[in-house]
Amino acid sequence: MKTAFVFTGGGSLGAIQVGMLKAVSAAGIVPDFLVGASVGAINAAFFASDPTRKGALRLEKIWKGIKRSDVFQIAPLGSLLGIFSFREYICSPKPLSRLIEKNIDHKLIEDLDVPCHIVATDLFTGVDVSFSRGSIIPALLASTAIPTVFPPVHIEDHYLVDGGVTNKTPISVAAARGADRVIVFPTGMSCGLKRPPRRLIEMALQMINIATSHRLVLDIEQYNDKIEIIALPTLCPLDVSIFNFSRTDELIDRAENNVAEWLAAGGLKADPTAVGALRPHYH
């Protein structure tokens with residue numbers, strides 16, 4: 001059985017996937033290949049460089065050192081320039097590029113310890129573009145290029161934006177690459193927020209997060225009769241904004257304990273169509 005780990009997007013909630021990886025790797029579950037979009041692409045690529053318990057712990061250490069400004073660095077005039085169309089994005093991609101370059105050991109996707117497929121979206125056609133070879137950093141910047149927040153990334157014949165614009169949960173890519181079993185690492189959704197998003201970036205991320213939840217459920221239902229799909233249980237209720245990097249420790253610990261308990265109770269044998277908290281909802 002060929003097993004793929006599929007990582008969804010979700011901003012700062014990508015920390016949840018780290019806790020899931022700790023639990024899954026501790027249980028001895030290993031992937032034949034990985035697929036990721038948006039922040040899930042970053043987690044997939046980093047774990048693919050060392051797909052072991054040790055690799056999960058290293059990824060945890062990286063996440064615990066991330067501040068919001070390491071990802072979303074807004075210049076004083078950045079938002080105004082974006083709003084009044086002097087440029088097409090609000091944040092510079094340089095801090096995120098530096099963060100990736102500092103922490104990843106490989107320069108080429110094909111040099112990772114296990115195959116990894118990084119999913120982005122063609123800006124003009126909306127078609128998924130999957131990278132399994134070539135430079136890692138441009139591919140990851142393309143997959144995380146949230147429209148209006150980061151600039152599009154030009155690779156080959158494509159101008160690319162966030163892989164979550166059309167395919168936030170790239171189960172279809174895993175199926176096309178020959179997976180018999182897909183284990184989905186969802187970030188979940190901020191279903192317990194007490195107030196609406198206040199910032200432009202936070203609002204954009206929240207809307208993409210809602211679209212992600214819808215797409216994940218639809219993809220599970222669409223592909224479940226073709227391949228085995230198992231979605232790891234996410235956190236619910238969740239009152240953390242996907243723009244909030246201050247609660248990373250909590251998210252990792254909760255997700256690890258949640259998945260470890262689920263695995264101990266025979267979660268991998270559970271009904272994969274029981275999507276439960278993955279459906280869009282609000283408390």
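Here is a short tour of this predicted model, from its nonpolar interior out to a patch on the surface.

**Stop 1: the main core.** Start by selecting Phe-5, Trp-63, Phe-72, Ile-100 and Phe-185. The largest nonpolar core has 75 residues, and these five touch the most other members. Now add helix H2, residues 39-48, which gives the most to this core, with eight residues.

**Stop 2: around Ile-100.** Zoom in on Ile-100 and show its contacts, skipping residues up to four places away in sequence. You'll find Ile-100 touching Ile-42 and Phe-46, and also Ile-137, Leu-140 and Leu-141.

**Stop 3: another core.** Next, pick Ile-171, Ala-174, Val-182 and Ile-220. They are among the 21 residues of a second core, separate from the one you just left.

**Stop 4: Thr-248.** Jump to helix H10, residues 248-264, where Thr-248 sits. Is Thr-248 buried or exposed? Its relative accessibility is 4%, and buried means under 20%, so Thr-248 counts as buried. Leaving out residues up to four places away in sequence, Thr-248 touches Ala-15, Trp-63 and Lys-64. Trp-63 should look familiar from the list at the main core.

**Stop 5: out to the surface.** Finally, switch on the surface and select Leu-123, Phe-124 and Tyr-159. Together they form a nonpolar patch with about 350 Å² of accessible area. To place Leu-123, look in the loop between strand S3 (116-122) and strand S4 (128-131). Leu-123 has a relative accessible area of 42%, which falls between the 20% and 50% cut-offs, so this residue is partly exposed.

Technical notes: Residues numbered from 1 in each chain as written. Predicted model: local features only at pLDDT ≥ 70, side-chain atom pairs only at ≥ 80, totals over all residues. Heavy atoms only, no water. Patch = residues over 30% accessible without salt bridge, like charges linked within 9 Å, V, L, I, M, F, W, Y side chains within 5 Å. Areas by Shrake-Rupley, 256 points an atom, 1.4 Å probe, with all protein chains shown as cover. Salt bridge = Lys/Arg side-chain N within 4 Å of Asp/Glu carboxyl O. Helix = DSSP H or I, 4+ residues; strand = E, 2+ residues; numbered from the N terminus. Buried < 20%, exposed > 50% of the residue type's maximum accessible area, 1.4 Å probe, protein only. Core = buried A, V, L, I, M, F, W, Y, C linked by side-chain atoms within 4.5 Å. Contact = heavy atoms within 4.5 Å.
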